[in-house]
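Here are some notes for a colleague who is opening this structure and would like a guide to reading it. Please keep the sequence and the model side by side while going through the points.

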Amino acid sequence: MESSQKFFDWAFKQRAQHVLDMYNGKMESKEKLFLNFCSHEPAFVSYGPAGPNASVKGVGFLPKDEYLEETLEAYIAHIKTWDPADKTYGKRGMELLLKYMYGEDAWDRVDLTRLGSLEMAKRHSWINYQVNKEAALLFHQPPGISYKLKGKIEIYDETASGKRELYQQFINAQHDVYHTPDMNRWLSYPAYIFRIEEIYDNSASPNGFGRQLAYPVPEAAEVEE
């Protein structure tokens, strides 16, 4: 069975390079920029009371548990420096992304068994995942790259639990560490944690068309050059 490493080369290492290029001021064509987002925005497939559903959502890998709170606190400290007149906020945010997640020295901190996302609409996906935690994530990058991940969804919602939910805060903070922040919005966006169980190559290639890839995943630091 072929290794799943090629998926992580595409989904993690390519995104890490994209962040580094942005930090270094490398300008990409609009076409390449849009293609880079394909590894960030899969369709979340669900089935439940709302019927069969697919919804495109942004995703990202997470720090390992032992690094989660440290990384979150660094993000929050940065977010609290926000000043609309300060033009360095985004650049400083990218420095943190490279330090804690995407720079090669940080790759051993990254957990490649889980992906995090936010629920902003609370409609069909939300209704289904309340009842049926089984999910599939479908990635597609034109013209021929496609991967399918199967796994389970965990929901983290501070409003429902009444306690601090680190995953919910982290995924919101990971967005706001670069973009215009709004910590008041975080409670409105519960977190999905997708735990990967199976990976399939759905690409239009001789080794694709739904062939399962070997799993578990390599350590992020071992993802091939």
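The numbered points below take up a helix, charged pairs, aromatic rings, the surface and some separate positions.

1. The model is a predicted one, and every value in this note should be read with that in mind.

2. A good place to begin is helix H4, which covers residues 89–102 and has 14 residues. From its first C-alpha to its last, H4 reaches 18 Å, which is close to the 20 Å expected at 1.5 Å a residue. The helix is mostly covered, since ten of its 14 residues are buried; among them are Tyr-89, Gly-93, Met-94, Leu-97, Tyr-100 and Tyr-102.

3. What do the buried residues of H4 pack against? Their partners are three helices and two strands, namely helix H1 (5–23), helix H3 (65–79) and helix H7 (166–176), together with strand E3 (60–63) and strand E4 (110–118).

4. The charged pairs deserve a careful look, and a search of the whole structure finds 13 salt bridges. One of them joins Lys-57 and Glu-119, with the closest N and O atoms 3.2 Å apart. Lys-57 lies in the loop between strand E2 (53–56) and E3, while Glu-119 lies in the loop between E4 and helix H5 (124–131), so the pair ties together parts that are 62 residues apart in sequence. Why do both partners count as buried? The limit for that term is a relative accessible area under 20%, and Lys-57 counts as buried because its relative accessibility is 10%, just as Glu-119 counts as buried because its relative accessibility is 2%.

5. Arg-164 forms a salt bridge with Glu-69, and here the closest N and O atoms are 3.3 Å apart. This pair links distant parts of the chain, with Arg-164 in the loop between helix H6 (158–161) and H7 and Glu-69 in helix H3, 95 residues apart. Arg-164 is partly exposed at 39% relative accessibility, and Glu-69 is likewise partly exposed, with a relative accessible area of 41%.

6. Helix H3 also supplies Glu-70 to a salt bridge with Arg-109, in which the N to O distance is 3.6 Å. Arg-109 is placed in the loop between H4 and E4, and the pair again links distant parts of the chain, 39 residues apart. Arg-109 counts as buried at 12% relative accessibility, whereas Glu-70 is partly exposed at 40%. Elsewhere, Glu-2, Lys-6 and Asp-201 are linked in a network of salt bridges.

7. Turning to the aromatic residues, the structure holds 16 aromatic pairs. In one of these, the rings of Phe-7 and Tyr-147 have their centres 5.1 Å apart and their planes at 70°, so the pair is edge-to-face. Phe-7 belongs to helix H1 and Tyr-147 to strand E6 (residues 145–156), which makes this a link between distant parts of the chain, 140 residues apart. Phe-7 is buried, with a relative accessible area of 0%, and Tyr-147 is buried as well, at 6%.

8. Both rings of that pair also belong to one aromatic cluster, which is formed by Phe-7, Phe-8, Trp-10, Phe-12, Phe-61, Tyr-102, Trp-107, Phe-139 and Tyr-147. Tyr-102 in this cluster is also one of the buried residues of H4.

9. On the surface, a nonpolar patch of about 270 Å² is made by Leu-33, Phe-34 and Phe-37. Is Phe-34, which lies in helix H2 (residues 30–36), buried or exposed? Phe-34 is exposed, because its relative accessible area of 55% is over the limit of 50%.

10. Two further positions can help a reader to find their way around the model. Glu-197 is placed in strand E7 (residues 191–201) and is partly exposed at 41% relative accessibility; leaving aside residues up to four places away in sequence, Glu-197 touches Lys-150, Gly-151, Lys-152 and Tyr-215. Thr-88, in the loop between H3 and H4, is partly exposed at 39%, and its C-alpha atom is separated by 42 Å from that of Glu-134, which is 46 residues apart from Thr-88 along the chain.

Notes: Residues are numbered from 1 along each chain as its sequence is written. This is a predicted model: local features need pLDDT of at least 70, side-chain atom pairs count only at pLDDT 80 or more; totals for chains, interfaces and linings use all residues. Side-chain values use heavy atoms; hydrogens and water are left out. Patches are made of residues with over 30% relative accessible area and no salt bridge: like charges are joined within 9 Å, nonpolar side chains (Val, Leu, Ile, Met, Phe, Trp, Tyr) within 5 Å. Accessible areas come from the Shrake-Rupley method with a 1.4 Å probe; for residues, only the protein chains shown count as cover. A salt bridge is a side-chain nitrogen of Lys or Arg within 4 Å of a carboxyl oxygen of Asp or Glu. Buried means under 20% relative accessible area, exposed over 50%, partly exposed in between (1.4 Å probe, protein chains only). Helices (H or I, at least four residues) and strands (E, at least two) are DSSP runs, numbered from the N terminus. The expected span of a helix is 1.5 Å times one less than its number of residues. Contact means heavy atoms within 4.5 Å. Rings of Phe, Tyr and Trp (its six-membered ring) pair if their centres lie within 6.5 Å; planes under 30 degrees apart count as stacked, over 60 as edge-to-face and the rest as tilted.
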